[in-house]
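Dear colleague,

I am passing on the structure we spoke about, with the sequence alongside. Please look through it first, and then read the notes below, which go from the overall layout to single residues.

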Amino acid sequence: MRQFDLAPLYRSTVGFDRLFSALDQFVTSDAAPTYPPYNIERTAENAYRITLAVAGFTDQDLSIETRENALTVKGERKAEAKQSEFLHQGIAARGFERRFQLADHVQVTGAVLENGLLHVDLVREIPEAKKPRQIQIASGSRPQSIEGSVQQAA
């Protein structure tokens, strides 16, 4: 059985903590889906891109859906009217469904299909109420001293 250490990924990413936990579960199970292959990259501090290799699919064959904290990408090719007789068929044309768990406040901003790669852009938009804010420290007047009589020892 193969063991993969995903700990370095936890340290270098922000916003995909749950995704890597789910990925860790998939890696340890034998029934983990491997099609289509994909990359997850960080394009800016709060921006990410998921790229799926979907050769042979058109934009009409693909659908992208977000629900709660989940992103689902589905691909299903339409049946061709002309069936060819293949001597070898190495290009996978089967349908797929790939799910990604998204971190809180991660939104899909767009998707583009170019050269057989589907790019899904994500951005983490933290609400103002959840953003850290700087608290100013006021410099008030000096503490007041208590005036009274001071007795000197003789």
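Read from the N terminus, the protein chain follows the pattern α-α-β-β-β-β-β-β-β, that is, two helices and seven strands, where helices (H or I, at least four residues) and strands (E, at least two) are DSSP runs numbered from the N terminus. This is a predicted model, in which local features need pLDDT of at least 70 and side-chain atom pairs count only at pLDDT 80 or more, while totals for chains, interfaces and linings use all residues. Residues are numbered from 1 along each chain as its sequence is written, and side-chain values use heavy atoms, with hydrogens and water left out.

Some totals for the chain come next. Of its 154 residues, 22% count as buried, where buried means under 20% relative accessible area, exposed over 50%, and partly exposed in between (1.4 Å probe, protein chains only). The chain exposes about 12300 Å², of which carbon and sulfur atoms supply 48%; these areas come from the Shrake-Rupley method with a 1.4 Å probe, and for residues only the protein chains shown count as cover. Among contacts (heavy atoms within 4.5 Å) with a separation of 6 or more, 52% are between residues 24 or more positions apart.

The strands can be taken sheet by sheet. An open sheet of four strands has the order E1-E2-E7-E6 with antiparallel pairing, two strands being counted as paired if DSSP finds at least two bridges between them. Strand E1 (38-44) and strand E6 (106-114) stand at its edges with a single partner strand each, so one side of each is left without a neighbour in the sheet. On average, neighbouring strands of this sheet are turned by 20 degrees against each other, direction ignored; the axes are lines fitted to C-alpha atoms, for helices over the stretch in contact, and angles run from 0 to 180 degrees between N-to-C directions. E6 and E7 run antiparallel and are joined by eight bridges, with Ala-111 standing opposite Val-120 in E7.

An open sheet of three strands has the order E3-E4-E5, again with antiparallel pairing. Here E3 and E5 are the edge strands, each with a single partner strand, so one side of each is left without a neighbour in the sheet. The average turn between neighbouring strands of this sheet is 15 degrees, direction ignored. Strand E3 (residues 62-67) pairs with E4 in the antiparallel sense over six bridges, and the two form a hairpin with two residues between them, in whose turn Glu-68 has a positive phi of about 55 degrees. E4 is also joined to E5 by six bridges, and these strands run antiparallel. Val-73 in E4 stands opposite Ile-64 and has Arg-98 as its bridge partner in E5, while Ala-70 stands opposite Gln-101 in E5. Five of the six residues of E4 are buried, so this strand is largely enclosed by the rest of the structure.

What, then, makes up the largest nonpolar core? A nonpolar core is a set of buried Ala, Val, Leu, Ile, Met, Phe, Trp, Tyr and Cys residues joined through side-chain atoms within 4.5 Å. This one has 17 residues, of which Ile-50, Val-54, Leu-71, Phe-96, Leu-118 and Leu-122 touch the most other members. Two or more residues each come from strand E2 (47-53), strand E4 (70-75), strand E5 (96-101) and strand E7 (117-124). Leaving aside neighbours within four places in sequence, Val-54 is in contact with Pro-36, Leu-62, Phe-96, Leu-113, Gly-116, Leu-117 and Leu-118.

Thr-51, in strand E2, counts as buried at 7% relative accessibility. Its side chain makes a polar contact with the side chain of His-119 at 3.0 Å; such a contact is a pair of N or O atoms within 3.5 Å, and within protein one must be able to donate a hydrogen and the other to accept it, residues adjacent in sequence counting only if both atoms are side-chain atoms.

Finally, there are two loop residues to look at. His-105, in the loop between E5 and E6, has a positive phi near 70 degrees and is partly exposed, with a relative accessible area of 28%. Asn-115, in the loop between E6 and E7, has a positive phi near 55 degrees, and at 79% relative accessibility it counts as exposed.

With best wishes
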